[in-house]
Amino acid sequence: MIEDHTKKYNSYDTTIIYDYKEHPDVISGRCDNCGSARFSNSIKDHNLVRECKECGMKKSI
């Protein structure tokens, strides 16, 4: 039996950084695009940016 490991995304543009105040999490602590809970954090222009490790969606927190 072959399992299908393709992940369904919600078609957010992963090239831009969304503002958390304007786009809060649909499910707290989960990526709006893929539903993953794995993130990496970085500082960009004096803002904390959370990036999903699964799909690359970014939010300025």
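The following paragraphs go through the strands, the sheet, the core and the surface of a predicted model.

The secondary structure of the protein chain consists of four strands and zero helices, so that, read from the N terminus, the elements follow one another as β-β-β-β. These four strands come together in an open sheet, in which the pairing is mixed and the order is 1-4-3-2. At the edges of the sheet lie strand 1 (17-19) and strand 2 (39-44), each of which pairs on one side only, and from one strand to the next the twist averages 30°. Strand 2 is joined to strand 3, which covers residues 47-52, by six bridges in the antiparallel sense, and K44 has N47 of strand 3 standing opposite.

Turning from the sheet to the interior, the protein chain has 61 residues, of which 25% are buried. Six residues, namely Y18, C31, C34, C52, C55 and M57, form the largest nonpolar core. In soluble globular proteins, nonpolar side chains tend to be buried together. Y18, a member of this core, is in contact, once neighbours within four places in sequence are left aside, with Y12, D13, H23, M57, K58, K59 and S60; M57 thus appears both in that list and in the core.

For the protein chain as a whole, among contacts with a separation of 6 or more, 40% are made between residues 24 or more positions apart. The surface that the protein chain exposes comes to about 4,800 Å², with 49% of this area supplied by carbon and sulfur atoms.

Note on methods
Residues numbered from 1 in each chain as written. Predicted model: local features only at pLDDT ≥ 70, side-chain atom pairs only at ≥ 80, totals over all residues. Heavy atoms only, no water. Helix = DSSP H or I, 4+ residues; strand = E, 2+ residues; numbered from the N terminus. Buried < 20%, exposed > 50% of the residue type's maximum accessible area, 1.4 Å probe, protein only. Contact = heavy atoms within 4.5 Å. Areas by Shrake-Rupley, 256 points an atom, 1.4 Å probe, with all protein chains shown as cover. Core = buried A, V, L, I, M, F, W, Y, C linked by side-chain atoms within 4.5 Å. Pairing = 2+ DSSP bridges. Axes fitted to C-alpha atoms, helices over the stretch in contact; angles between N-to-C directions.
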